[in-house]
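Hi! Here's the structure I promised you. Have a look at it first, then read my notes underneath.

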Amino acid sequence: LGATALEVATALGNSEVRPYLESKTRNKKPLHVNPEMDLITAAREGDLEKVEALLSLAETNVDIQDREGATPLILAAVGGHLTITQLLIGLGSNLDHQDHVNGWTALMQATFFNHIDIVKVLIHHKANLTLVGHTGCTALDLATLVDDKNSELVRLLAEHTIQQAPPNLVLTPTTRRQPPRLAFGSRSFSE
């Protein structure tokens, strides 16, 4: 390969291994830093100053993806980094990009991790509430799985999902008149 472990970690944007390798490297030579992979790391870690500096470079792609298909916006949503999320949205980040692992968007990730302020921002900026991940779940489905003590997240997503994609309900009156029935196990009772 001709590259050191530190150079490989830097090129791949590996934020977990890179600091350790930097501390152990004796022969330090200038590293070729990939601003886009550094953007991935900075967004994941919530480093607003670094994100702003990297986004000021003309060649930085705001929608760069890591090896799992996550963009800086998705990673900021996972970490609950509201200011970085707002910055990336303001710069035109794709709100509806789905990662390769779960097919989740930033909205789905923010929902799963119960970051309601980020969910609100994404809804305000018209994130698609009806996208479905690889398991068939929407953001609203995910909201029913998280520890949402006062159901605010479920109510918020339900309200906006219905506005974005109203249910296709057709209620037709029946011509047969049947008395109401209550069923209990194998027994049923009529009024």
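Let's start with Leu 157. Leaving out residues up to four places away in sequence, Leu 157 touches Leu 107, Thr 111, Val 119, Ile 123, Leu 129, Ala 139, Leu 140 and Ala 143. Keep in mind that this is a predicted model, so there's no experiment behind these contacts.

Leu 157 also shows up in the largest nonpolar core, a group of 40 residues. Along with Leu 107, Val 119 and Leu 122, Leu 157 is among those with the most contacts inside this core. Several helices give two or more residues to the core, including helix 3 (35-45), helix 7 (106-112), helix 9 (139-143) and helix 10 (152-164). Helix 8 supplies the largest share, six residues.

Now for helix 10 itself. How far apart should its ends be? With 13 residues at 1.5 Å a residue, helix 10 should span 18 Å, and its end C-alpha atoms are indeed 18 Å apart. Which residues of helix 10 are buried? They are Leu 153, Leu 156, Leu 157 and Thr 161. Looking down the axis, you'd see the buried residues of helix 10 fall within an arc of 120°, so they line one face of the helix. There's a handy rule behind this kind of pattern: an α-helix has 3.6 residues a turn, so residues three or four places apart point the same way. Arg 155 and Gln 163, on the other side of helix 10, are exposed. As for what covers the buried residues, that includes helix 7, helix 8 and helix 9.

Thr 161 deserves a look too. This residue of helix 10 has 14% relative accessibility, so Thr 161 counts as buried (the cut-off is under 20%). The side chain of Thr 161 reaches back to the backbone oxygen of Leu 157, at 2.6 Å. Not counting neighbours within four places in sequence, Thr 161 is in contact with Leu 129, Thr 130, Leu 140 and Pro 166.

Last, the aromatic rings. There are two aromatic pairs. In one, the ring centres of Trp 104 and Phe 112 are 5.2 Å apart with planes at 50°, so that pair is tilted. In the other, Phe 112 and Phe 113 have ring centres 5.2 Å apart and planes at 90°, so that pair is edge-to-face. Trp 104, Phe 112 and Phe 113 form one aromatic cluster. Are these rings buried or partly exposed? Trp 104 is buried at 10% relative accessibility, while Phe 112 is partly exposed at 37% and Phe 113 is partly exposed at 39%.

Key:
Residues are numbered from 1 along each chain as its sequence is written. This is a predicted model: local features need pLDDT of at least 70, side-chain atom pairs count only at pLDDT 80 or more; totals for chains, interfaces and linings use all residues. Side-chain values use heavy atoms; hydrogens and water are left out. A nonpolar core is a set of buried Ala, Val, Leu, Ile, Met, Phe, Trp, Tyr and Cys residues joined through side-chain atoms within 4.5 Å. Buried means under 20% relative accessible area, exposed over 50%, partly exposed in between (1.4 Å probe, protein chains only). Helices (H or I, at least four residues) and strands (E, at least two) are DSSP runs, numbered from the N terminus. Contact means heavy atoms within 4.5 Å. The expected span of a helix is 1.5 Å times one less than its number of residues. The arc is that of the directions from the helix axis to the C-beta atoms. A polar contact is a pair of N or O atoms within 3.5 Å; within protein, one must be able to donate a hydrogen and the other to accept it, and residues adjacent in sequence count only if both atoms are side-chain atoms. Rings of Phe, Tyr and Trp (its six-membered ring) pair if their centres lie within 6.5 Å; planes under 30 degrees apart count as stacked, over 60 as edge-to-face and the rest as tilted.
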